[in-house]
Amino acid sequence: MAGLMVSGTQVSYVGQNCREIPEYLGRNFGHFAKRLDLSFNLLRSLEGLSAFRSLEELILDNNLLGDDLVLPGLPHLHTLTLNKNQITDLEYLLDHLAEVTPSLEYLSLLGNVACPNELVNLEKDEEDYKRYRCFVLHKLPNLKFLDAQKVTRQEREEALVRGAFMKVAKPKASSEEEKAASPENHPQYTPLPSGSRDLTSHRGILGKGRYFYYGRNSEGNRFIRDDQL
């Protein structure tokens with residue numbers, strides 16, 4: 001049993017490159033283990049975890065767990081860390097955790113695509129992470145810590161009001177829409193009428209633009225007072 005460490009109710013099986021939970025772990029320690037550390041392995045499935053019904057802490061960092069993650073009912077689990085796995089579907093995970101881990105208070109998802117942290121994804125920023133926290137707290141309102149940060153009263157209140165709207169869904173274009181948007185199906189667009197394209201013509205042309213800008217800095221947002229005329 002190389003790599004196995006047992007101390008009281010704590011069981012660690014770290015860095016053994018196992019692809020599944022060894023059966024003997026559940027058989028020998030499942031009936032009393034309260035803390036199980038399976039980090040730095042190659043786990044893609046948590047089959048066999050059902051033997052650990054009394055778990056309070058579960059450490060699964062640095063594995064290969066994805067969106068097909070399934071946990072058994074763990075009514076006493078209050079701490080779950082899934083850092084650096086392959087989880088992308090945040091809503092599915094949160095709905096699953098709400099069902100099988102009703103006592104969960106500490107959750108960490110850093111290093112997954114589902115967690116838009118700017119430290120691991122340069123395309124994300126602080127606002128993305130704030131929206132993520134708000135959505136997680138909407139789904140799991142009993143959390144006290146999320147990604148090693150204490151949940152504040154303000155975050156909890158905001159989650160009650162806005163959490164349901166914090167999910168960002170990227171629409172998938174249908175094949176017809178993708179075909180219609182293809183450059184081959186559209187002639188090159190110019191905002192000027194054909195009569196204005198002749199450089200030797202100096203006639204004035206009245207055209208109608210296709211796009212409008214309604215931003216804060218739009219020229220249309222400037223006002224001219226009577227005393228400026």
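A residue is called buried here when its relative accessible area is under 20%. By that criterion, 34% of the 229 residues in the protein chain are buried. The model is a predicted one, and the chain exposes about 15700 Å², of which carbon and sulfur atoms supply 52%.

Confidence in the prediction should be considered before the fold. The average pLDDT of the protein chain is 79, and 69% of the residues score at least 70. Two stretches deserve caution. Over residues 169–178 the pLDDT stays under 50, and the model has two contacts there beyond four places in sequence. Residues 207–225 likewise remain under 50, with eight contacts beyond four places in sequence. Where pLDDT is low, the predicted coordinates should not be read in detail.

The secondary structure of the protein chain consists of five helices and eight strands. Followed along the sequence, these elements give the pattern β-β-α-β-β-β-α-β-α-β-β-α-α. Of the contacts between residues at least 6 apart in sequence, 43% join residues at least 24 apart.

The eight strands form an open sheet with mixed pairing, in the order S1-S2-S3-S4-S5-S6-S7-S8. Its edges are strand S1 (4–7) and strand S8 (149–150), each of which pairs on one side only. Strands of a sheet pair through backbone hydrogen bonds, in either a parallel or an antiparallel sense. At the S8 edge, strand S7 (residues 145–146) pairs with S8 in the antiparallel sense over two bridges. In this pairing, Leu146 has Gln149 of S8 as its bridge partner.

The aromatic side chains offer a further view of how elements are joined. The model contains four aromatic pairs. One of these is formed by Tyr13 and Tyr24, whose ring centres are 6.5 Å apart; because their planes stand at 85 degrees and an angle over 60 counts as edge-to-face, the pair belongs to that class. Tyr13 lies in strand S2 (residues 10–13) and Tyr24 in helix H1 (residues 23–29), so the contact between the rings ties together parts that are eleven residues apart in sequence.

Are the two tyrosines of this pair buried or exposed? Tyr13 has a relative accessibility of 10% and therefore counts as buried. Tyr24, with a relative accessible area of 19%, is also buried, because the cut-off is under 20%.

Methods:
Residues are numbered from 1 along each chain as its sequence is written. This is a predicted model: local features need pLDDT of at least 70, side-chain atom pairs count only at pLDDT 80 or more; totals for chains, interfaces and linings use all residues. Side-chain values use heavy atoms; hydrogens and water are left out. Two strands pair if DSSP finds at least two bridges between them. Helices (H or I, at least four residues) and strands (E, at least two) are DSSP runs, numbered from the N terminus. pLDDT is the predictor's confidence in each residue, from 0 to 100. Contact means heavy atoms within 4.5 Å. Buried means under 20% relative accessible area, exposed over 50%, partly exposed in between (1.4 Å probe, protein chains only). Accessible areas come from the Shrake-Rupley method with a 1.4 Å probe; for residues, only the protein chains shown count as cover. Rings of Phe, Tyr and Trp (its six-membered ring) pair if their centres lie within 6.5 Å; planes under 30 degrees apart count as stacked, over 60 as edge-to-face and the rest as tilted.
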